[in-house]
Amino acid sequence: MSDSAVVGDDSLRKVAVVTGASSGIGEAAARALARDGYHVVVGARRTDRIEALAAEIGGRAQRLDVTDDQSVEAFIASLDRVDVLINNAGGAKGVASVADADLDDWRWMWETNVLGTLRVTKGLLPLLEDSGDGLIVTITSIAAIEAYDNGSGYTSAKHGQAVLHRTLRPELLGKPIRLTEILPGMVETEFSLVRFSGDEARADAVYEGLTPLVAEDVAEVISFVASRPPHVNLDQIRLMPRDQASARRNITTG
Ligand code: NAP
């Protein structure tokens, strides 16, 4: 973090916004950025969780539903400085072939991952530019570069989110905003629990027989990205557990 960010004087501290900070990667990223000296604003729908996190890290919690225009507008209106935006809110719903696709699951995934990222990013671009050294980190997935059976709702949404993020890089050329896409493989969070509608046995089975990444592994990468000097843009970072070679292949699938 640069010298201009002085811990202890809130008016001088750099501000990092983390969407989807109530669990998993977002929660770990918020902790890591707070440790790095940022004043972290955490957003999610489960306010009890983000309030507890904000109290722990000395940040601020603000309810955020990225699928809701008014919620995003209120979130953005509560901010007067943003140096770093972590577009993390997202997830998957269900596993189904295209033939059996559930339109409501698709809508959830596209609204959350794609339009949610668009709403928040579009709204925060002016503040990120005003900061003089803005950074947008978007957590896409290896599902943004691979298609796999029974995953088309999620893989297509992650491809869409990634293309939105990647398009900003040339569009913002000449402005003081950096862009980093992080593409994780398997990370043990609440991701599978959400995907399988709270079915714990099914969620646990996803990680049986292998050692997945944990949220802190991705948070460390986010912390590294945010600590590069202003002229360095890390465009894409792909990380997976050693036990995984692709979205379709890991040590349990052979
Ligand atoms: P997670 O533990 O389920 O966390 C998802 C977060 O997104 C939660 O904080 C949730 O908060 C938030 N969220 C969901 N819908 C939201 C909405 N409408 N408005 C605001 N926040 C919302 O899963 P995770 O693994 O940390 O996922 C974080 C990101 O990493 C996602 O974009 C996911 O697609 C991506 N990713 C995950 C993996 C993996 O294997 N875990 C791999 C690659 C990429 P509330 O429910 O409280 O709103």
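User: Is Asp235 buried, partly exposed or exposed?

Analyst: Happy to start there, with the reminder that this is a predicted model. Asp235 has a relative accessibility of 37%. Buried means under 20% and exposed means over 50%, with partly exposed in between, so Asp235 counts as partly exposed.

User: Where is Asp235 found?

Analyst: Two elements frame this residue: helix H8, residues 215-226, and strand E9, residues 236-239. Asp235 is found in the loop between H8 and E9.

User: What distance separates the C-alpha atoms of Asp235 and Gly185?

Analyst: Along the chain, Asp235 and Gly185 are 50 residues apart. In space, their C-alpha atoms are separated by 17 Å.

User: Which residues are the closest to the ligand?

Analyst: Let us turn to the ligand. It is surrounded by 32 residues. The shell they form divides into 13 nonpolar, 14 polar and five charged residues. The closest of the surrounding residues are Ser22, Ser23, Arg45, Tyr154 and Thr189.

User: Which helices each supply at least two residues of the shell around the ligand?

Analyst: Four helices fit that description, and here they are with their residue ranges. At least two residues of the shell come from each of H1 (24-35), H4 (103-130), H5 (152-171) and H6 (191-195).

User: How far is an oxygen atom of the ligand from an N or O atom in the side chain of Ser23?

Analyst: Ser23 is among the closest residues to the ligand. An N or O atom in the Ser23 side chain and an oxygen atom of the ligand are separated by 2.7 Å.

User: Which residue has a backbone N or O atom that lies 2.9 Å from a nitrogen atom of the ligand?

Analyst: Two residues come up at this distance, so it helps to keep side chain and backbone apart. For Asp65, a polar side-chain atom lies 2.9 Å from a nitrogen atom of the ligand. The backbone N or O atom, at 2.9 Å from a ligand nitrogen, belongs to Val187.

User: What percentage of the accessible area of the ligand does the protein cover?

Analyst: On its own, the ligand has 870 Å² of accessible area. The share of this area covered by the protein is 96%.

User: How much space lies in the largest cavity?

Analyst: The count comes to one cavity of 30 Å³ or more. The space in the largest cavity is about 30 Å³.

User: Which helix gives the largest share of the lining of the largest cavity?

Analyst: The lining is made up of Thr19, Val66, Asn87, Asn88, Ala89, Thr112, Gly116, Thr117 and Val120. These divide into three nonpolar, six polar and no charged residues. Four of the lining residues come from residues 103-130, the largest share, and that helix is H4.

User: Which residue shares a polar contact of 3.3 Å with the side chain of Asn87?

Analyst: Asn87, one of the cavity-lining residues, has its place in strand E4, residues 84-87. Its relative accessible area is 2%, so Asn87 is buried. The side chain of Asn87 makes a polar contact of 3.3 Å with the side chain of Thr138.

User: What is the phi of Asn150?

Analyst: Asn150 has its place in the loop between strand E5 (134-139) and H5. At 39% relative accessibility, Asn150 counts as partly exposed. Asn150 is not a glycine, yet it has a positive phi of about 65°.

User: Is Ser197 buried or exposed?

Analyst: Ser197 lies in the loop between H6 and helix H7 (200-206). Its phi is near 50°, a positive value in a residue other than glycine. With 63% relative accessibility, Ser197 counts as exposed.

User: How far apart in space are Glu181 and Ile139, C-alpha to C-alpha?

Analyst: Glu181 has its place in strand E6, residues 177-184. With a relative accessible area of 0%, Glu181 is buried. Glu181 and Ile139 are 42 residues apart in sequence; C-alpha to C-alpha, their separation in space is 6.1 Å.

User: How far apart in space are Gly160 and Met240, C-alpha to C-alpha?

Analyst: Gly160 has its place in helix H5. At 22% relative accessibility, Gly160 counts as partly exposed. Gly160 and Met240 are 80 residues apart in sequence, and in space their C-alpha atoms are apart by 21 Å.

Conventions: Residues numbered from 1 in each chain as written. Predicted model: local features only at pLDDT ≥ 70, side-chain atom pairs only at ≥ 80, totals over all residues. Heavy atoms only, no water. 1 Å grid on protein atoms, 1.4 Å probe; cavity = no way out; pocket = protein on both sides within 12 Å on 5 of 7 lines; lining within 4 Å. Points joined across faces, edges and corners; volume = space filled by probe spheres on them. Nonpolar A, V, L, I, M, F, W, Y, C, P; charged D, E, K, R; others polar. Near = heavy atom within 4 Å. Polar contact = N/O pair within 3.5 Å; in protein donor to acceptor, adjacent residues only side chain to side chain. Areas by Shrake-Rupley, 256 points an atom, 1.4 Å probe, with all protein chains shown as cover. Buried < 20%, exposed > 50% of the residue type's maximum accessible area, 1.4 Å probe, protein only.
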